[in-house]
Amino acid sequence: MTILCVRFQLPPMYEAALPGLIGLLEEFTPVVQALPPDGALADLRGAERYFGRTAVELASVIRVRALALHGVDCVIGAGPGPMLARMALREARPGLTRAVDGDEVREFLAGQPVVALPGVGTKTARTLCEYGLDTLGRVAAAPLSTLQRLVGARAGRELHEKANGVDRGRVVPDAVSRSLATERPFTRDELDPGRHRRALLSAAEELGARLRALDQVCRGLTLTVRYADRSATTRTRTLPEPTAHSPALTRAAYGLYEALGLQRARVRAVVLRAEGLDPAEQASHQLTFDPVDEKVRRIEEVADRLRAKFGPHAVIPGTLAA
């Protein structure tokens, strides 16, 4: 086990702590890949040799330092590769690292549902389940040709390899991307898609207001949905043009949510992140000559001035659109 997947249990609106926590990991290895809004991958092959400790032992030290220096607990998954470390994280709990040894990879994967495999979306999982391939053990035992007929030549080969424990991924060092995020937790595990959409609407409105207050626009949007079992799904979409316009962010957020195809999912929180921030003065806006859009933008400007004068909750009636 040489790869750790760490998810820091950051309180809402505490995303500014992530760079410091990434720095904590970099004290052990320079090969750290940030996974905003609250996680990271770390390749500890060199650290195991240097410190003379296993990845699981180093994970315990990382957890203690995160608590002592930042007041943040974390859950950690460990495995021979990034894919297996991510999957192990789903079964991890605070204070205990879930480790998958090389010898138990096949056994660990065999009982997992196909949707647990990174890169397998709802549509692919549905197709496989229709043919009785609902677990990774059954996918691993299926002929390669069968998988390729079902999901395509390239996707079928990748699926066959991953289900058999072949993890070709690697940790790509990077910095925490410039971004803004907001989280909408639910008071209870929420099943109602209408409430999910209202939370997304509120989050998109907040992101738009914060971006405009900073005179910035974003080039992409990332949605993270956290479920009752502590697992999460993350999807990213590049916007048609850089924007800080709340209705445009709302449409993109709805599109990301609908693409997940959630069926009676027990959602604990939704996190919306604006990615790839740029100065607003460097962005161009495609004129639509749509009087409704122009009216909404003028109302948005008035609402922003009210917020600047009276505070963030000073929103005039009619500025929110369902």
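**View 1. Val 6 has Ile 76 of strand 4 as its bridge partner.** Strands are DSSP runs of E with at least two residues, and helices are runs of H or I with at least four, both numbered from the N terminus. This is a predicted model: local features need pLDDT of at least 70, side-chain atom pairs count only at pLDDT 80 or more, and totals for chains, interfaces and linings use all residues. Residues are numbered from 1 along each chain as its sequence is written, and side-chain values use heavy atoms, without hydrogens or water. Strand 1 (residues 3-8) and strand 4 (residues 74-79) run antiparallel, joined by six bridges. Pairing requires at least two DSSP bridges between two strands.

**View 2. Helix 3 (residues 55-70) packs on the sheet.** The helix touches strands 1, 4 and 5 (contact: heavy atoms within 4.5 Å). Its direction makes about 20° with that of strand 1. Angles run from 0 to 180 degrees between N-to-C directions; axes are lines fitted to C-alpha atoms, for helices over the stretch in contact.

**View 3. Helix 4 (residues 82-89) also packs on the sheet.** Its contacts take in strand 1, strand 2, strand 3 (39-43), strand 4 and strand 5. Helix 4 lies at about 140° to the direction of strand 4.

**View 4. Five strands make an open, mixed sheet.** Their order is 2-3-1-4-5. Strand 2 (32-35) and strand 5 (98-99) are the edges; each has a single partner strand, so one side of each lacks a neighbour in the sheet.

**View 5. Helix 10 (residues 193-213) crosses helix 11 (residues 246-260) at roughly 140°.** Their axes come within 8 Å. Contact residues include Leu 200 and Ala 204 of helix 10, and Leu 249 and Tyr 257 of helix 11.
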